[in-house]
Amino acid sequence: MNSATTLDALIEKRPDLRGGRPIIAGTGTTVRTIAGLYKLGHSAEQILTQLPHLNLAQIYAALTYFHLNTSEIEADIEADSEENLQQFAA
C-alpha cells in the first residue's frame, strides 16, 4: 500500500508556535527561514546541509508553500526586517 503525504500534513500554522507563522510540522522551523535561504541562492540540498534536522521532503514542502503564498511570506519577512531596524534605531 502506497501512502501519500499532503502539503497540509507537512506545513502547519498554530497560534502558540512562532506567532502563528507557517512552520514545518513537528519542528520549530519556519517556512520563512527556508524561503530566506532559498532567496539567498541556496538549493534545497544546500539548505538540508544547513538544517540537518529536516529532510528533503520537508524542505520542498516549505518551498512549495512559499511559492503558493509568496506575498504572505514576503510580507512577514519585510515586517520582521522593519521591526529589527526600529529596534536598532531606538
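Glutamine 58 lies in helix H4, which spans residues 56-68, and this residue is a convenient place to enter what is a predicted model. Because its relative accessibility is 12%, glutamine 58 counts as buried, the cut-off for that class being under 20% relative accessible area. Once residues up to four places away in sequence are set aside, the residues that glutamine 58 touches are Ile24, Ala25, Thr27 and His53.

From this residue one can step back to the chain as a whole. The protein chain has five helices and two strands, and read from the N terminus these elements follow the order α-β-β-α-α-α-α. Of the 90 residues in the protein chain, 28% are buried, while the accessible surface amounts to about 5800 Å², with carbon and sulfur atoms contributing 54% of that area. Among the contacts in the protein chain with a separation of 6 or more, 44% are accounted for by residues 24 or more positions apart.

The loop between strand E1 (11-13) and strand E2 (22-24) contains glycine 20. When its neighbours within four places in sequence are left aside, glycine 20 is in contact with Lys13, Arg14 and Pro15. Its C-alpha is 9.8 Å from the C-alpha of threonine 30, a residue that is 10 residues away from glycine 20 in sequence.

Further along the chain comes helix H2, which covers residues 31-39 and whose buried residues are Val31, Arg32, Ile34, Ala35 and Leu37. After H2 comes glycine 41, which has a positive phi, near 100°.

Helix H2 also leads back to helix H4, by way of aromatic side chains. How many aromatic pairs does a search of the whole structure find? The search finds one, formed by tyrosine 38 and phenylalanine 66 in an edge-to-face arrangement, with 6.3 Å from centre to centre and 70° between the planes. Because tyrosine 38 lies in helix H2 and phenylalanine 66 in helix H4, the pair ties together parts that are 28 residues apart in sequence. Are the two partners buried or partly exposed? Tyrosine 38, at 33% relative accessibility, counts as partly exposed, whereas phenylalanine 66, at 5% relative accessibility, counts as buried.

Helix H4 thus holds both glutamine 58 and phenylalanine 66, and each of these residues counts as buried, glutamine 58 at 12% relative accessibility and phenylalanine 66 at 5%.

Notes. Residues are numbered from 1 along each chain as its sequence is written. This is a predicted model: local features need pLDDT of at least 70, side-chain atom pairs count only at pLDDT 80 or more; totals for chains, interfaces and linings use all residues. Side-chain values use heavy atoms; hydrogens and water are left out. Helices (H or I, at least four residues) and strands (E, at least two) are DSSP runs, numbered from the N terminus. Buried means under 20% relative accessible area, exposed over 50%, partly exposed in between (1.4 Å probe, protein chains only). Contact means heavy atoms within 4.5 Å. Accessible areas come from the Shrake-Rupley method with a 1.4 Å probe; for residues, only the protein chains shown count as cover. Rings of Phe, Tyr and Trp (its six-membered ring) pair if their centres lie within 6.5 Å; planes under 30 degrees apart count as stacked, over 60 as edge-to-face and the rest as tilted.
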